[in-house]
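Work through the following exercises with the sequence and the model side by side, and attempt each task before reading its solution.

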Amino acid sequence: MTTTWLKERSELGVSVGLVVLGVLVLTDALSIPTDFAQRGPVGPKAVPILVGSLLLLVAVLLARDVLRGGKGEAEGGEDIDLSEPADLRTVLLLCGAFLANAALIGLVGFPISGAILFWGAAYALGSRNLVRDPLIAAGMSVVTFLVFNNLLGVPLPGGPLMEVF
């Protein structure tokens with residue numbers, strides 16, 4: 001009987017996860033060292049404490065809703081046949097493109113490794129245009145590099161193309 005009750009209220013697991021996450025965020029936030037002279041008017045603890053408190057609030061509201069009989073709606077799904085197995089070839093190709101990016105980014109920089117990642121993802125998902133795909137991948141990679149490196153100030157490894165940008 002207890003197992004059936006828990007299965008019918010499985011959303012409580014999400015609520016427990018939110019409580020754990022909220023407590024973790026609050027614990028870490030309260031241990032942040034602050035020096036009055038170094039902080040601004042709000043301080044470094046404000047946002048983590050707000051986020052942790054909101055996580056706890058959402059956990060309590062979700063648990064209350066579930067215990068009162070609320071249930072999440074079943075997802076409508078997409079136009080897929082759930083009885084068919086997963087396409088492992090596509091998943092493995094995507095993993096390969098990601099791992100190639102991770103292995104090459106330090107050696108050749110983000111513009112080249114990102115182009116390999118974007119082209120590999122397009123190939124894995126079914127695009128087979130041998131002229132257009134690498135050009136779009138290279139363009140996306142360079143634009144991504146420039147946005148992160150130059151506009152956002154997040155340094156990405158440039159590799160041998162570092163002098164170009």
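**Exercise 1. Set the record's annotation beside the model.**

Task: Find which residues UniProt lists under "transmembrane region", and describe the spans 12–34 and 91–122 in the model.

Solution. The unreviewed UniProt entry lists residues 12–34, 46–63, 91–122 and 134–152 as "transmembrane region"; such annotations may be inferred rather than shown by experiment, and the positions follow the numbering used here, with feature names shortened. That numbering starts from 1 along each chain as its sequence is written, and the model is a predicted one, in which local features need pLDDT of at least 70 and side-chain atom pairs count only at pLDDT 80 or more, while totals for chains, interfaces and linings use all residues; side-chain values use heavy atoms, with hydrogens and water left out. Take residues 12–34 next: their end C-alpha atoms lie 36 Å apart, and the span is 83% helix and 0% strand. For residues 91–122 the end C-alpha atoms lie 12 Å apart, although the span is 97% helix and 0% strand.

**Exercise 2. Summarise the fold.**

Task: State how many helices and strands the protein has, and what share of its residues is buried.

Solution. The protein has six helices and zero strands, where helices (H or I, at least four residues) and strands (E, at least two) are DSSP runs numbered from the N terminus. Of the 165 residues, 19% are buried, the classes being buried under 20% relative accessible area, exposed over 50% and partly exposed in between (1.4 Å probe, protein chains only). Among contacts (heavy atoms within 4.5 Å) with a separation of 6 or more, 60% are accounted for by residues 24 or more positions apart.

**Exercise 3. Assign the faces of helix 2.**

Task: Determine which residues of helix 2 are buried, and why they can be said to line one face.

Solution. Begin with the dimensions: helix 2 has 20 residues and reaches 29 Å from its first C-alpha to its last, close to the 28 Å expected at 1.5 Å a residue, the expected span being 1.5 Å times one less than the number of residues. Its buried residues are Glu-11, Leu-12, Ser-15, Leu-18, Gly-22, Leu-26 and Ala-29. Seen down the axis, these buried residues fall within an arc of 105°, so they line one face of helix 2; the arc is that of the directions from the helix axis to the C-beta atoms. On the other side of helix 2, Val-16 and Val-20 are exposed.

**Exercise 4. Repeat the analysis for helix 3.**

Task: Identify the buried and exposed residues of helix 3, and name one element that covers the buried ones.

Solution. Helix 3, residues 46–67, buries Gly-52, Leu-55, Ala-59, Ala-63 and Val-66. Viewed down the axis of helix 3, they fall within an arc of 70°, so they too line one face. The face turned away from this buried side carries the exposed residues Val-47, Leu-50 and Val-60, and the cover over the buried residues includes helix 2. Just after helix 3, Gly-69 takes a positive phi of about 105°.

**Exercise 5. Locate the salt bridge.**

Task: Establish which residue pairs with Arg-132, and whether each partner is buried or partly exposed.

Solution. The structure holds one salt bridge, a term that requires a side-chain nitrogen of Lys or Arg within 4 Å of a carboxyl oxygen of Asp or Glu. Arg-132 forms it with Asp-133, the closest N and O atoms being 3.4 Å apart. Arg-132, at 43% relative accessibility, counts as partly exposed, whereas Asp-133, at 8%, counts as buried.
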